[in-house]
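Trainee: I have a new structure to learn from, and I would love some help reading it. Could we go through it together?

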Amino acid sequence: MNIFYNWEKSISRWDEAVPLGSGKCGCLCWGSSKTMRFSLDRTDIWDKTVLWEQRKEFTYETLVHLAKKGDVKKIREIFDAPYYYPTPTKLVPGKILIHFPEGEGEVRSSLSLEEAKACMKFGNKQKTYRIDAWIHAAFHIGVIEVYAPETEFSAELKKPDFGETGTEKEFVYDETEREISQGTLKELKYSPAQWGEEGTLQWFVQPVNKNFSYGVIMSVQKLQEKTRILWKVVSSEDGEDWLADGKAELIRAAQKAEEEFFESHRKWWQIFWEKSRISVPDPFMEKQWYMANYLFASASREGCAPMPLQGVWTADDGTLPPWKGDYHHDLNTELSYSHYLKANHLEEGKCFLDFLWNLREEGEKFAKEFYHADGSCLPGVMTIDGKPLGGWPMYSLSPVNQVWLSHAFSEYYRYTGDEVFLKERAYPYLRETGIFIAGLLEEQKDGTLCLPVSSSPEIHDDTEKSWLTPMSNYDLALIRNLFETLEKYAAQLGDAMEERWKNIRIKLPKLAVNEKKVLMISPDESLEESHRHFSNAMAICPLGMMPYEGENKEVIDAVIQDYERLGTAQWVGYTFTWMAHLYAIQGNGEKAAEYLNIFWRFFCGPNGFHLNGDFQKRGYSEFTYRPFTLEGNMFGADALQEMMFQMQNGKIRLFPAIPEKWKEEGVSFENFRGEKGLICSAKIEDGILAWEIRSDRAQTIYVEDSNEIMKKYLDKGEIWRERKTLEFEKNSI
């Protein structure tokens, strides 16, 4: 693997910058030959100050009452208003500016994915400058190496342009003025930063509130052929002596041998890239898969907070980050952690589960205080410490989003087969979610169980129509999946609650399907307009409750045809990746590849960032904005993986949805993870399909090809290899 991203001209926007990250810290490299900017970030730098006074009516009981009454205005005043305030919000910590008074020409930048290292060059025939930058994968220390005479540049540590205390204003909620970004950094009123300098170190400490401060430390070393700048973002949550410890750590790093320090960083990335690989005849798509994995490892790491909406690359344009850089659980966090299991990156992905597990008490508290229910539920839109942010309450406070979070635990168990994890993490987390949902369900006249109100992200936005007839297929698919899983796990573990889960499961309604065999939004409404969120098809994807066989095949085909009928006018980037998933399930490799190409070419920036809208205005969507979020990148990578390898209930499909051209020109993947820890590699070369399957757990598997389904019992540690001559048939191997 030796993949580079290249920029031939100076980068003038933060969301097109060269991205670096260590899972905890990030840096965006961009700017001109006069001034290069290094925008610094750290996942857990937040202002958690709550400016809104929580009203006593801020309860699920009130929300249900107002929803049934159709009082949209009151709902917005109570539940949407909190999101209007600038805090709580993710913060951008600061930046380092490298000034070149004599700098000329375009800045040509490159990013090595293999080494997670950036390089920027500029100048003229007489004089050229070079800057190398990277963030140590384990120590979360940034490195900027400037190859230029020390007299020809200067380094400036700069804090964000926050407002100052004493200039506060009264916030008055106006439902017509809700924006993606809630104003500029001036809306945040802080005491002045405290600056310091000692030896090669300089720093600032920014007080945020009485409970939290953060700082950025910079070390400047003048070496023989270059100047080496090290940086570190520190916070008062790092320990009692957090600033002193940060400075000491930076000094120790500066004393390390350069080659040794970089080699330990490079080794981390080498191990990461060895976990899985792909090769496809479309170099552009292959490159995007590697970029998605690079962004994932850069923004998500064991022992760190999981990626929020923008990961470790918070906006550096003077505004508050899009959607506060928060945690959205009606799609964003779940899709951001959709591909890592099959890509065999367990360590980087498990931080999301650890994060949710550590917030159980917060979930129990929110369930009790807001829903007046037992069990556990996190807010659908929340801060890094699990507090509600408000917003459109039919989604930001939907109880069912908690079910989607719990699904992440069952998926981890499905792909690992880790019985200890099932007993100690997955089942306990799902059980508390089940207790919570069970407490909200109400028995109807026909004996079925339903929620008192229902919605489907983000159908009809926040209008009165958004309250759907209970239950929406979104709510129902997730709830059915929850109790089916709980029943299965309880039986497996010998838990006496098995009967309770079963009794709930059998009382749940069936998914609503219309006369065209299309999954509906709710029992009395079908989707009749283009929409970004395929929430009515949750049962198909990503829940995988409807394998492509029997009657399900008719429904899946009808759903796909219906989305085609409605068109893409109201889609955003991730919607194209979702459609690619559906085509992959259908076995339609040509269309899956087409929609992934549209996503990566027209909804992603030159650095791979998913920018949501059709910002190039190519006519694919009426959304032409460009707010950066990460879920589309990961869900796109997952769709490409699904085109090459699918496994469900022990049945494996190799290359089930690839274009005919790929079969002819050759395609391969290495070390994809299947169920129960199974590891599979496969390739098509010269018309021959070859595969290798390893498993560290005994299991029975089925490998499907165009002629037969082959059954094999794998003993622990056994390797099974097969080679088959292909018969090229459309959509099958």
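Mentor: Happily; we will take the sheets, then a helix pair, then two single residues, and please keep in mind that this is a predicted model.

Trainee: Let's start with the sheet of five strands: which strands stand at its edges?

Mentor: The five strands make an open sheet in the order 2-3-4-7-12, with antiparallel pairing. An edge strand has a single partner strand, so one side of it is left without a neighbour in the sheet. The two strands in that position are strand 2 (18-21) and strand 12 (154-158).

Trainee: And in strand 4, which residue is the bridge partner of W30?

Mentor: Look at the pair formed by strand 3 (residues 25-31) and strand 4 (residues 35-42), which is antiparallel and has seven bridges. Follow W30 across to strand 4, and its bridge partner there is R37.

Trainee: Helix 5 packs on this sheet, so to speak; which strands does it touch?

Mentor: Helix 5 covers residues 283-299, and its direction makes about 45 degrees with that of strand 2. The strands of this sheet that helix 5 touches are strand 2 and strand 3.

Trainee: Now the sheet of nine strands: what is the order of its strands?

Mentor: This is an open sheet too, and its pairing is antiparallel. Its edge strands, each pairing on one side only, are strand 1 (4-7) and strand 15. Reading across, the order is 1-8-9-10-11-18-17-16-15.

Trainee: Which residue in the turn between strand 15 and strand 16 has a positive phi?

Mentor: Strand 15 (residues 194-198) and strand 16 (residues 201-209) pair in the antiparallel sense over five bridges, and E197 has Q202 as its bridge partner. The two strands form a hairpin with two residues between them. In that turn, the residue with a positive phi, about 60 degrees, is G199.

Trainee: Let's move to the helices: at roughly what angle do the axes of helix 5 and helix 16 cross?

Mentor: Residues F284, M285 and Q288 of helix 5 meet A593, L596, N597, W600 and R601 of helix 16 (residues 589-602). The residues of this contact divide into five nonpolar, two polar and one charged. Helix 5 passes helix 16 in a left-handed crossing. The axes come within 11 Å, and they cross at roughly 65 degrees.

Trainee: Is S454 buried or exposed?

Mentor: S454 is found in the loop between strand 23 (449-450) and helix 12 (473-493). Its relative accessible area is 1%, and buried means under 20%. Therefore S454 counts as buried.

Trainee: With which residue does the side chain of S454 make a polar contact of 2.5 Å?

Mentor: Leaving aside neighbours within four places in sequence, S454 is in contact with several residues, including W467, S472 and D475. A polar atom of the S454 side chain lies 2.8 Å from the backbone nitrogen of S472. The contact of 2.5 Å, however, joins the side chain of S454 to that of D475.

Trainee: Last one: is N649 buried or exposed?

Mentor: N649 has its place in the loop between strand 24 (645-648) and strand 25 (651-654). The C-alpha atoms of N649 and P547 are separated by 9.8 Å, with the two residues 102 apart along the chain. The relative accessible area of N649 is 66%, and exposed means over 50%. Therefore N649 counts as exposed.

Notes
Residues are numbered from 1 along each chain as its sequence is written. This is a predicted model: local features need pLDDT of at least 70, side-chain atom pairs count only at pLDDT 80 or more; totals for chains, interfaces and linings use all residues. Side-chain values use heavy atoms; hydrogens and water are left out. Two strands pair if DSSP finds at least two bridges between them. Helices (H or I, at least four residues) and strands (E, at least two) are DSSP runs, numbered from the N terminus. Contact means heavy atoms within 4.5 Å. Axes are lines fitted to C-alpha atoms, for helices over the stretch in contact, and angles run from 0 to 180 degrees between N-to-C directions. Buried means under 20% relative accessible area, exposed over 50%, partly exposed in between (1.4 Å probe, protein chains only). A polar contact is a pair of N or O atoms within 3.5 Å; within protein, one must be able to donate a hydrogen and the other to accept it, and residues adjacent in sequence count only if both atoms are side-chain atoms. A crossing is left-handed if the near helix is turned anticlockwise from the far one by less than a right angle, and right-handed if clockwise. Ala, Val, Leu, Ile, Met, Phe, Trp, Tyr, Cys and Pro count as nonpolar, Asp, Glu, Lys and Arg as charged, and the others, Gly among them, as polar.
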